[in-house]
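Some labels used for protein structures rest on fixed cut-offs. The questions below ask how such labels are earned.

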Amino acid sequence: MIIPFSDTASFSQQIVLDDEIFNMTINYNSSFDFWTMDLLDANNNEIFTNAKLTTGVSIGKRLGKINQPKGDFIVIFDSGDTPKRNDFNQNASLVYVPAV
């Protein structure tokens, strides 16, 4: 499942993963030129914050929180390891891969 991305530098959305509702905030860090993701449960309890969106890293597995979704988040990017400000919705995607 491709996570919808806004063209703004910061946005929040509610998303359903594995039949559970989560609150997600995506922020662009202009000082260091990378994106981060915060994930909270439906009651706004923190699961993880400031997870850097980069390729080659299993975001959920890296953070290993017990209350996180069963699947995992990965970044697909065909031009390097860290998507920049305008890369998402063009040549990069944040993807949720459900557990099997």
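What follows is a set of questions and answers on burial, salt bridges and strand pairing.

This is a predicted model, in which local features need pLDDT of at least 70 and side-chain atom pairs count only at pLDDT 80 or more, while totals for chains, interfaces and linings use all residues. Residues are numbered from 1 along each chain as its sequence is written, and side-chain values use heavy atoms, with hydrogens and water left out.

Q: Why is Asp38 called buried?
A: Buried means under 20% relative accessible area, exposed over 50%, and partly exposed in between (1.4 Å probe, protein chains only). Asp38 has a relative accessible area of 13%, so Asp38 is buried.

Q: What makes the link between Asp38 and Asn50 a polar contact?
A: A polar contact is a pair of N or O atoms within 3.5 Å; within protein, one must be able to donate a hydrogen and the other to accept it, and residues adjacent in sequence count only if both atoms are side-chain atoms. A polar atom of the Asp38 side chain lies 2.7 Å from the backbone nitrogen of Asn50.

Q: Why is the pair Glu20 and Lys70 called a salt bridge?
A: A salt bridge is a side-chain nitrogen of Lys or Arg within 4 Å of a carboxyl oxygen of Asp or Glu. For Glu20 and Lys70 the N to O distance is 3.4 Å, so the pair qualifies. The two residues are 50 apart in the chain.

Q: Which label, buried, partly exposed or exposed, fits Glu20, and which fits Lys70?
A: Glu20 is partly exposed, at 38%, whereas Lys70 is exposed, at 55%.

Q: What makes Lys84 and Asp33 a salt bridge?
A: Their closest N and O atoms are 3.9 Å apart. Lys84 lies in the loop between strand 5 and strand 6, and Asp33 in the loop between strand 2 and strand 3, so the pair ties together parts that are 51 residues apart in sequence. The whole structure holds two salt bridges.

Q: How do you know that strand 1 and strand 2 pair?
A: Two strands pair if DSSP finds at least two bridges between them; strands (E, at least two residues) and helices (H or I, at least four) are DSSP runs, numbered from the N terminus. Eight bridges join strand 1 to strand 2, and the two run antiparallel. One of the bridge partners is Thr25, opposite Ser12.

Q: Why do strand 1 and strand 4 count as edges?
A: The open sheet has the order 1-2-3-4. Strand 1 and strand 4 each have a single partner strand, so one side of each is left without a neighbour in the sheet.
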